[in-house]
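Thanks for making time this morning. I would like to walk through one model with you, slowly, and I will stop at a handful of residues on the way.

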Amino acid sequence: MRRIIYRSTAAPGLDRAEMFRLVYHARVANEAKGLSGVLLQSDEHLLQILEGETWKLFATFELIRSDIRHTAVEVLSERSIPAATFPHWPMRYFDDHHIGKALAQMHEEAGERMCPAIEDAVRDFFVAGFAAHETIRPSLPQAARPSFPRPC
């Protein structure tokens, strides 16, 4: 059994409806092949954790790599594993609007099988997505705010 963790960039035409079609078809195909995994999205950035029997995983990943709905496919980790981390998820999807839910459910499903490679990939993915978001600005702590006299 093996795991591949990769990231990519969604093609411009990959809207919400198309993403849900993709996830549905991936779920059906993965269930038939005995693969499991998680797909995360933050704006146009995608991160997927895919696990299963080696030959089925590699065959599926070659299809994924050539899919025109995303570009810049970069493998972050690829390794043998003793058991699937998310055995009951043929394909689970979370977007950046549900970061807390994603992490909680991933931990609940994985339990002791959650490995540092997955933790690091997911954390780095969401942190990078948060940092790249132009409309979000961290507020200054109270001590760092300028103290101007208030008008009476």
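**A buried aspartate, and what surrounds it**

Let me begin with Asp95, which is buried, with a relative accessible area of 7%; here buried means under 20% relative accessible area, exposed means over 50%, and partly exposed is what lies in between, computed with a 1.4 Å probe and protein chains only. Before I go further, please keep in mind that this is a predicted model, that local features need pLDDT of at least 70, that side-chain atom pairs count only at pLDDT 80 or more, and that totals for chains, interfaces and linings use all residues. Residues are numbered from 1 along each chain as its sequence is written, and side-chain values use heavy atoms, with hydrogens and water left out.

Asp95 belongs to strand β5, residues 92-95, where helices (H or I, at least four residues) and strands (E, at least two) are DSSP runs numbered from the N terminus. Which side chain makes a polar contact with the side chain of Asp95? It is that of Arg16, at 3.4 Å, a polar contact being a pair of N or O atoms within 3.5 Å, of which, within protein, one must be able to donate a hydrogen and the other to accept it, while residues adjacent in sequence count only if both atoms are side-chain atoms. Leaving out residues up to four places away in sequence, Asp95 touches Arg16, Gln41 and Phe126, with contact meaning heavy atoms within 4.5 Å.

Phe126 takes us to helix α4, and at 7% relative accessibility this residue also counts as buried. Its contacts, again without neighbours within four places in sequence, are Leu40, Asp95, Asp96 and Ile99. Phe126 and Ser42 are 84 residues apart in sequence, and yet their C-alpha atoms are 7.1 Å apart in space.

**The chain as a whole**

Stepping back, the chain has four helices and five strands, and from the N terminus on the elements run β-α-β-β-α-β-β-α-α. Of its 152 residues, 38% are buried, and among contacts with a separation of 6 or more, 75% are between residues 24 or more positions apart.

How confident is the predictor? The mean pLDDT of the chain is 85, and 84% of the residues reach 70 or more, pLDDT being the predictor's confidence in each residue, from 0 to 100. Among the elements of the chain, confidence is highest in strand β3, residues 45-52, at a mean of 96, and lowest in helix α4, residues 116-132, at 80. Over residues 136-140 pLDDT stays under 50, and the model has three contacts for them beyond four places in sequence. Residues 142-152 also have a pLDDT below 50, and that stretch has two contacts in the model beyond near neighbours in sequence.

**From strand β3 to the strand β4 residues**

Leu46 lies in strand β3 and is buried, at a relative accessible area of 6%. Its C-alpha atom is 5.4 Å from that of Arg7, although 39 residues separate the two along the chain. Not counting residues up to four places away, Leu46 touches a list of residues that includes Tyr6, Met19, Leu39, His70 and Phe125.

In the loop between β2 (36-42) and β3 we find Asp43, which is partly exposed at 41%. Phi of Asp43 is near 55 degrees, a positive value in a residue other than glycine. Ala72, in strand β4, likewise has a phi near 55 degrees, and with 56% relative accessibility Ala72 counts as exposed.

Strand β4, residues 70-80, also holds Arg79, which is partly exposed at 46%. Arg79 touches Met1, Arg2 and Arg3, residues up to four places away in sequence not being counted. The C-alpha atoms of Arg79 and Met1 are separated by 8.7 Å, with their positions 78 residues apart along the chain.
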